[in-house]
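Colleague: I have the sequence and the model open side by side, and I would like to understand one part of it properly. Please pick a single strand and walk me through its surroundings, step by step.

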Amino acid sequence: MAIIDGEKRLYSLRSSGGSYAGDNLQQTAGTSAGVLPLEDHKGSACNANFCSTIIDLQGASYGLLIARNADALPDDVLRRSCATADIVVSERVLGPSCNPRWLKLDRYKLNATGGLSIYLDEKKLFRSRRGRAIMAGGGAPE
């Protein structure tokens, strides 16, 4: 999981400079800039279970919630956390109590799609790494 800001800085949940995963993120992002920890992204807050961050783009703000581990959480905590986000990404299965405003990418969805790129500047386009569009048009928060 990585975020590229408008200045081509790359932020990752697991920033590991010089690692295979970090090198792949840099190559995919088309940048040689080092991988920075997501905690350093403006507006980020992290705890043992999640990192949340805000992405401001073209006058719109998008709230992201990214799970840091596969630990189960009580439904009420998950419900409240997901409700505050536009997009939630997790390696764990997120049950029906998790309802973000826009997109839930949990183990089920990611197993079905493979890796994804989300282009917020285009507001409505998602592509899987396998090359097929999984969602185009509509759905993006304004």
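Modeller: Happy to; I will start with the whole chain and then stay with strand 6 and what lies around it.

This is a predicted model, so local features need pLDDT of at least 70 and side-chain atom pairs count only at pLDDT 80 or more, while totals for chains, interfaces and linings use all residues. Residues are numbered from 1 along each chain as its sequence is written, and side-chain values use heavy atoms, with hydrogens and water left out.

The chain has three helices and 11 strands (DSSP runs numbered from the N terminus: H or I over at least four residues for helices, E over at least two for strands). Read from the N terminus, their order is β-β-α-β-β-β-β-α-β-β-α-β-β-β. Of the 142 residues, 39% are buried (under 20% relative accessible area; exposed is over 50% and partly exposed lies in between, with a 1.4 Å probe and protein chains only).

Now to strand 6, which spans residues 60-67. Seven of its eight residues are buried, so you will find it mostly covered. On one side, strand 5 (residues 50-57) runs antiparallel to strand 6, and eight bridges join the two (strands pair when DSSP finds at least two bridges between them). One place to see this is Ser61, the bridge partner of Asp56. The two strands make a hairpin with two residues between them, and in that turn Gln58 has a positive phi of about 50 degrees.

Strand 6 also pairs with strand 7, this time in the parallel sense, over three bridges. Here Leu65 stands opposite Val88. To get from strand 6 to strand 7 the chain passes through helix 2 (residues 75-83), in a β-α-β crossover that is right-handed (with the strands pointing away from the viewer, the path from the first strand over the helix to the second runs clockwise). On the way, in the loop between strand 6 and helix 2, sits Pro74. Pro74 counts as partly exposed because its relative accessibility is 45%. Its C-alpha atom is 9.6 Å from that of Ser97, 23 residues apart along the chain.

Next, look at the side chains. The largest nonpolar core has 16 residues, and Leu38, Leu64 and Ile87 have the most contacts inside it (a core is a set of buried Ala, Val, Leu, Ile, Met, Phe, Trp, Tyr and Cys residues joined through side-chain atoms within 4.5 Å). Strands 5, 6, 7 and 8 each give two or more residues to this core, and strand 6 supplies the largest share, four residues. Apart from this core lies another, of 10 residues, with Ala67, Leu73, Val88 and Cys98 among them.

Finally, the rings. A search of the whole structure finds one aromatic pair. Its members are Tyr62 and Trp102, 6.0 Å centre to centre with 35 degrees between the planes, which makes the pair tilted (ring centres of Phe, Tyr and the six-membered ring of Trp within 6.5 Å; under 30 degrees is stacked, over 60 edge-to-face, the rest tilted). Tyr62 belongs to strand 6, whereas Trp102 lies in the loop between strand 7 (87-89) and strand 8 (103-105), so the pair links distant parts of the chain, 40 residues apart. Both residues, Tyr62 and Trp102, are buried.
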